[in-house]
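Have a look at the model below before reading on. The notes that follow go through a surface patch, a pocket, a loop residue and some charged pairs.

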Amino acid sequence: MTTMNISLPEALKAFVDTEVSQGGYGTSSEYIRELIRKDQNGKSLRRLLLDGARSEPLGQFDAAYFDGLRRMIKSQAP
């Protein structure tokens with residue numbers, strides 16, 4: 001693991017300290033790592049959604065289609 005030093009205004013540092021103490025994080029580094037992971041996941045999701053929006057439709061997605069999905073999921077439930 002490498003180290004990165006960042007400078008924050010006092011108000012942001014106080015916010016991070018509060019999030020660490022109330023959010024179950026052990027350190028401010030854990031909190032910042034979690035924020036970065038969430039940002040990465042959000043960007044990945046956005047990319048997937050945009051790819052899907054640009055793709056050609058594969059078929060009809062009506063009530064019967066979603067009823068079939070629900071049945072399939074219920075049949076796989078433990």
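Leu8 is partly exposed, because its relative accessible area of 40% is neither under 20% nor over 50%. Bear in mind that this is a predicted model. You'll find Leu8 in the segment before α1, the helix that covers residues 10-23. Leu8 also has company at the surface: together with Met4, Ile6 and Leu12 it makes a nonpolar patch of about 430 Å². To count towards a patch, a residue needs over 30% relative accessible area, so Leu8, at 40%, clears that bar.

Two of those patch residues turn up again in the largest pocket. Met4 and Ile6 are among the five lining residues that lie nearest the pocket's centre, the others being Ser28, Ser29 and Ile32. The lining has 15 residues in total, and the space inside comes to about 510 Å³. Rolling a probe the size of a water molecule over the atoms shows where empty space is left.

Which helix gives the largest share of the lining of the largest pocket? That would be α2, with five residues. Both α1 and α2 (residues 28-54) supply at least two lining residues each. As for chemistry, the lining splits into seven nonpolar, five polar and three charged residues.

Moving along the chain, Leu58 sits in the loop between α2 and α3, where α3 spans residues 63-76. Is Leu58 buried or exposed? Leu58 is exposed, because its relative accessible area of 81% is over the 50% cut-off. If you'd like a distance to check in your viewer, try Leu58 to Lys74: they are 16 residues apart in sequence, and their C-alpha atoms are 24 Å apart in space.

Now for the charged pairs. How many salt bridges does a search of the whole structure find? The count is five. Here are three pairs from helix α2, with the N to O distance for each.

| Pair | N to O distance | Spacing in α2 |
|---|---|---|
| Glu34 and Arg37 | 3.8 Å | three residues |
| Lys43 and Asp39 | 3.5 Å | four residues |
| Asp51 and Arg54 | 2.9 Å | three residues |

A pair counts as a salt bridge when the side-chain nitrogen is within 4 Å of the carboxyl oxygen, so Glu34 and Arg37 qualify at 3.8 Å.

Why are Glu34 and Arg37 about one helical turn apart? They are separated by that much because they lie three residues apart in helix α2. The reasoning carries over to Asp51 and Arg54, which are also about one helical turn from each other because they are three residues apart in α2. Lys43 and Asp39, four residues apart in α2, are spaced by about one turn of the helix too.

How open are these side chains to the surroundings? In the Glu34 and Arg37 pair, Glu34 is partly exposed at 27% relative accessible area, and Arg37 is partly exposed at 41%. Lys43 is partly exposed as well, with 49%, and its partner Asp39 is partly exposed at 44%. Lys43 counts as partly exposed because 49% is not over 50%.

The last pair is split between two classes. Asp51 is partly exposed at 40% relative accessibility, whereas Arg54 counts as exposed because its 59% is over 50%.

Notes
Residues numbered from 1 in each chain as written. Predicted model: local features only at pLDDT ≥ 70, side-chain atom pairs only at ≥ 80, totals over all residues. Heavy atoms only, no water. Patch = residues over 30% accessible without salt bridge, like charges linked within 9 Å, V, L, I, M, F, W, Y side chains within 5 Å. Areas by Shrake-Rupley, 256 points an atom, 1.4 Å probe, with all protein chains shown as cover. Buried < 20%, exposed > 50% of the residue type's maximum accessible area, 1.4 Å probe, protein only. 1 Å grid on protein atoms, 1.4 Å probe; cavity = no way out; pocket = protein on both sides within 12 Å on 5 of 7 lines; lining within 4 Å. Points joined across faces, edges and corners; volume = space filled by probe spheres on them. Nonpolar A, V, L, I, M, F, W, Y, C, P; charged D, E, K, R; others polar.
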